[in-house]
Amino acid sequence: MENSRRKFLKTVAIGAIGSEVLAGVPGAFAKQKSTETGIEVQKGYIVFNEKTQKNMERLAEELVPGAGSIGMKEKLMNYFRRDKGGATFFDAGFWNLESISKAAFKKSFYELDNKEEIEKVMKHVSVRNRPFFNQFRTLVVKFYYGDPAVWKKLSYDGPPQPRGFMDYSEPPKSGKNK
């Protein structure tokens, strides 16, 4: 009953409303809470259950190898806790990913071992559910390359402003003005 048509339609409907509409209604989700197994967006309706989170981690790792090493799951879950409309949209996308994986290979996406099977599911989702796939990939890339631990791996010291410049009052000197 977990992957019912009703749950899918309900999730898509809430996700389609979007975070902009929900953000414009003051107090609409004032009592939202996070649970150990997901995010409760309205009384009795929880998105991002344990299986969805595992699929999310797996897809993030497939899109950007090493994403798990910087705590990608926590970064994404924190983002979804703040954006309930987005959370329902992405939950519906992961429901679709799970359904395709189970229909084709009788396993959850996170349980797939064969690289060809993983690529087939990802290819199908990237074509048939393009908005979900592209938006999720964009989020993962932003969070991955926005992490200071990754900057160090890339030999990038990061933006200068947190540490500042040596002297703000003096214009930069070129080699010609010595």
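This briefing describes helix geometry, helix packing and two backbone features of the structure above. The model is a predicted one. Helix H6 spans residues 130–145, and its buried residues pack against five helices, namely H2, H3, H4, H5 and H7. The contact of H3 with H4 and two non-glycine residues with positive phi, Lys-106 and Ser-155, are also covered.

**Helix H6**

- H6 has 16 residues, which at 1.5 Å a residue should span 22 Å; the end C-alpha atoms lie 22 Å apart, in agreement with that expectation.
- Buried positions in H6 are Phe-132, Phe-133, Phe-136, Leu-139, Val-140 and Tyr-144.
- Viewed down the axis of H6, these buried residues fall within an arc of 135°, so they line one face of the helix.
- The partners of the buried residues of H6 are H2 (50–63), H3 (72–82), H4 (84–105), H5 (115–128) and H7 (148–153).

**Helix H2**

- For the 14 residues of H2, a rise of 1.5 Å a residue predicts a span of 20 Å, and the distance of 20 Å between its end C-alpha atoms agrees.
- The buried residues of H2 are Thr-52, Gln-53, Asn-55, Met-56, Arg-58, Leu-59 and Ala-60.
- Among the elements that cover the buried residues of H2 are strand S2 (38–42) and helices H3, H4, H5 and H6.

**Contact of H3 with H4**

- The axes of H3 and H4 are 5 Å apart and form an angle of about 120°.
- This angle makes H3 oblique to H4, because it lies outside the range of 65 to 115 degrees that counts as roughly perpendicular and is not over 145, the cut-off for roughly antiparallel.
- On the H3 side, the contact involves Phe-80, Arg-81 and Arg-82; on the H4 side, it involves Lys-84, Gly-86, Ala-87 and Phe-90.
- By class, the residues of this contact comprise 3 nonpolar, 1 polar and 3 charged.

**Positive phi outside glycine**

- Lys-106 is a residue other than glycine with a positive phi, near 60°.
- Lys-106 lies in the loop between H4 and H5.
- The relative accessibility of Lys-106 is 69%, so the residue counts as exposed, the cut-off being over 50%.
- Ser-155, likewise not a glycine, has a positive phi of about 60°.
- Ser-155 belongs to the segment after H7.
- With a relative accessible area of 68%, Ser-155 is exposed.

How values were computed:
Residues are numbered from 1 along each chain as its sequence is written. This is a predicted model: local features need pLDDT of at least 70, side-chain atom pairs count only at pLDDT 80 or more; totals for chains, interfaces and linings use all residues. Side-chain values use heavy atoms; hydrogens and water are left out. Helices (H or I, at least four residues) and strands (E, at least two) are DSSP runs, numbered from the N terminus. The expected span of a helix is 1.5 Å times one less than its number of residues. Buried means under 20% relative accessible area, exposed over 50%, partly exposed in between (1.4 Å probe, protein chains only). The arc is that of the directions from the helix axis to the C-beta atoms. Contact means heavy atoms within 4.5 Å. Axes are lines fitted to C-alpha atoms, for helices over the stretch in contact, and angles run from 0 to 180 degrees between N-to-C directions. Angles under 35 degrees count as roughly parallel, over 145 as roughly antiparallel, 65 to 115 as roughly perpendicular and the rest as oblique. Ala, Val, Leu, Ile, Met, Phe, Trp, Tyr, Cys and Pro count as nonpolar, Asp, Glu, Lys and Arg as charged, and the others, Gly among them, as polar.
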